[in-house]
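Here is a dialogue for someone meeting a structure for the first time. A learner asks how to read its features, and a teacher replies.

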Amino acid sequence: MSFLTVNDLQVAFSTEDGVVHAVDGVSFTLERGKTLAIVGESGSGKSVTSQAIMGLHTGRGVKISGEIHLDGINLVTASSEQMRSMRGNQMAMIFQDPFASLHPFYRIGRQISEAVLAHRKVSKKEAKAEALRMLTKVGIPNPEQRIEDYPHQLSGGMRQRVMIAMALINGPELLIADEPTTALDVTVQAQILELLAELQAEFNTAIILITHDLGIVADMADEIVVMYGGRIVERAGLHDLFYQPQMPYTVGLLSSVPRLDSAGNRLLSIGGQPPSLIHLPQGCVFHPRCAARNPEVELQCATVRPELRKVSDDHLVRCHLDEAEREAFATKRLAEVLDGE
């Protein structure tokens with residue numbers, strides 16, 4: 001069995017306007033020491049999926065079904081007490097806004113130390129020493145002074161490093177990074193991703209990287225899951241997804257990533273807006289925005305939900321077009337980006 005197995009995960013929220021089908025039948029696996037990137041626009045269900053793994057969806061209005069097995073433990077049926085003991089210990093999460101995640105009234109040393117004290121029987125002095133060691137490991141300059149700082153005294157990049165230190169201080173086997181570089185400039189983004197890769201190599205941590213940008217996962221992910229409208233629309237290894245994309249939505253995401261070999265050329269955006277998760281399209285969720293629509297399968301796309309089908313052993317796609325049509329569309333669209341047409 002894989003270290004992490006998500007099988008037919010469904011997450012729905014009851015609201016005054018109706019039921020929000022945030023995650024609909026998501027399945028994937030992840031091994032120790034590997035990185036899975038979950039990519040998609042806002043509202044695609046990627047963050048809801050990660051929060052379901054962490055057990056952060058609570059309350060009467062939430063309905064979760066399916067299975068999430070972490071090292072043999074089913075997290076969907078685990079008790080609240082068991083989930084609390086696992087969070088920050090066996091699994092941890094880095095949120096996209098470190099300033100909102102860190103308490104503004106407590107020094108960062110105290111906040112990191114509390115993560116140690118919550119899961120280990122050590123003294124406050126030992127916990128602070130461990131916090132100092134971790135700040136050094138994540139590249140905080142002058143950690144002896146910085147450990148006494150408040151969050152507002154740190155730059156965005158350093159706050160994110162503090163969050164990484166807090167997440168990794170108990171040596172979790174699974175780390176979920178939810179948009180960890182969103183508010184950072186390109187140079188700091190690269191530094192943060194490089195740091196995660198280095199720490200992963202040292203601790204053999206399994207990483208789920210949540211992002212809307214395919215560009216930042218190119219050097220880090222082993223496998224990529226593309227989500228749209230709460231569903232997985234494509235799943236493939238890094239090379240296949242970048243060089244042989246099959247789903248028109250994935251092609252659209254790739255067309256919007258700036259490339260050095262097409263400097264000065266315009267990017268091709270995906271027309272329209274993501275669907276309402278309360279009123280999802282009946283057939284293919286991407287059908288209303290799809291630039292590859294074919295009159296021969298138009299009715300099928302509009303009325304029949306496509307299954308996730310195998311392109312190869314490690315490549316799955318959810319699309320009614322046949323493989324030749326998908327490949328022709330991808331070739332044409334990506335060539336347009338390179339040619340600047």
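The turns that follow go through helices, a crossing, a loop residue, backbone angles and cysteines.

Q: Before looking at any detail, what kind of model is this?
A: This is a predicted model, and every value in the replies below is computed from it.

Q: How should I read the covering of a helix, and which residues of helix 1 are buried?
A: An α-helix has 3.6 residues a turn, so residues three or four places apart point the same way. Helix 1 runs over residues 46–53 and is mostly covered, with six of its eight residues buried. Those buried residues are Lys46, Val48, Thr49, Ser50, Ala52 and Ile53. After helix 1 comes Gly55, which has a positive phi, near 70°.

Q: How many of the residues of helix 4 are buried, and what covers them?
A: Helix 4 is mostly covered, as seven of its ten residues are buried. The buried set consists of Ile108, Gly109, Gln111, Ile112, Ser113, Ala115 and Val116. The elements covering these buried residues include helix 5, helix 6 (143–146) and helix 7.

Q: When two helices meet, how is their crossing described, and at what angle do the axes of helix 4 and helix 5 cross?
A: A crossing can be described by the approach of the axes, their angle and the hand. The axes of helix 4 (residues 108–117) and helix 5 (residues 124–137) come within 8 Å of each other and cross at roughly 115°. Because angles of 65 to 115 degrees count as roughly perpendicular, helix 4 is described as roughly perpendicular to helix 5. The crossing of these two helices is right-handed.

Q: Which residues meet where helix 4 and helix 5 are in contact?
A: From helix 4 the residues are Ile108, Gly109, Ile112, Ser113, Val116 and Leu117, and they meet Lys124, Ala127, Lys128, Glu130, Ala131 and Leu135 of helix 5. One of these, Glu130, is worth following further: Glu130 is buried, with a relative accessible area of 17%. Leaving out residues up to four places away in sequence, Glu130 touches Val116, Arg120 and Ile169.

Q: How can I describe the surroundings of a loop residue, and where is Asn170 found?
A: One can give the place of the residue, then its accessibility, and then its contacts. Asn170 is found in the loop between helix 7 (156–168) and strand 7 (174–178), and it is buried, with a relative accessible area of 12%. Apart from its neighbours within four places in sequence, Asn170 is in contact with Gly88, Asn89, Ala115, Val116, His119 and Arg120. The side chain of Asn170 reaches the backbone oxygen of Gly88 at 3.0 Å, and a polar contact of 3.1 Å joins the side chains of Asn170 and Arg120. As for distances between C-alpha atoms, Asn170 and Met134 are 10.0 Å apart in space and 36 residues apart in sequence.

Q: Which polar atom lies 2.8 Å from the side chain of Ser255?
A: A polar atom of the Ser255 side chain lies 2.8 Å from the backbone oxygen of Val251. Ser255 has its place in helix 10 (residues 248–255), and at 0% relative accessibility Ser255 counts as buried.

Q: What is the usual sign of phi, and where does Asp71 lie?
A: Most residues other than glycine have a negative phi. Asp71, however, has a positive phi, near 50°, and lies in the loop between strand 4 (62–70) and strand 5 (73–74). At 45% relative accessibility, Asp71 counts as partly exposed. Asn204 is another residue that is not a glycine and has a positive phi, of about 60°. Asn204 is found in the loop between helix 8 (186–203) and strand 8 (206–211), where it is partly exposed, with a relative accessible area of 43%.

Q: How many disulfides are counted, and why is Cys319 not bonded to Cys290?
A: A disulfide requires a pair of cysteine sulfur atoms within 2.5 Å, and by this rule the count is zero. Cys290 is in no disulfide, and the nearest cysteine sulfur is that of Cys319. The sulfur of Cys319 is not bonded to that of Cys290 because the two are 6.3 Å apart, too far for a bond. Cys290 counts as buried at 15% relative accessibility, and Cys319 counts as buried at 7%.

Conventions. Residues numbered from 1 in each chain as written. Predicted model: local features only at pLDDT ≥ 70, side-chain atom pairs only at ≥ 80, totals over all residues. Heavy atoms only, no water. Buried < 20%, exposed > 50% of the residue type's maximum accessible area, 1.4 Å probe, protein only. Helix = DSSP H or I, 4+ residues; strand = E, 2+ residues; numbered from the N terminus. Polar contact = N/O pair within 3.5 Å; in protein donor to acceptor, adjacent residues only side chain to side chain. Axes fitted to C-alpha atoms, helices over the stretch in contact; angles between N-to-C directions. Parallel < 35°, antiparallel > 145°, perpendicular 65-115°, else oblique. Left-handed = near helix turned anticlockwise from the far one by under 90°. Contact = heavy atoms within 4.5 Å.
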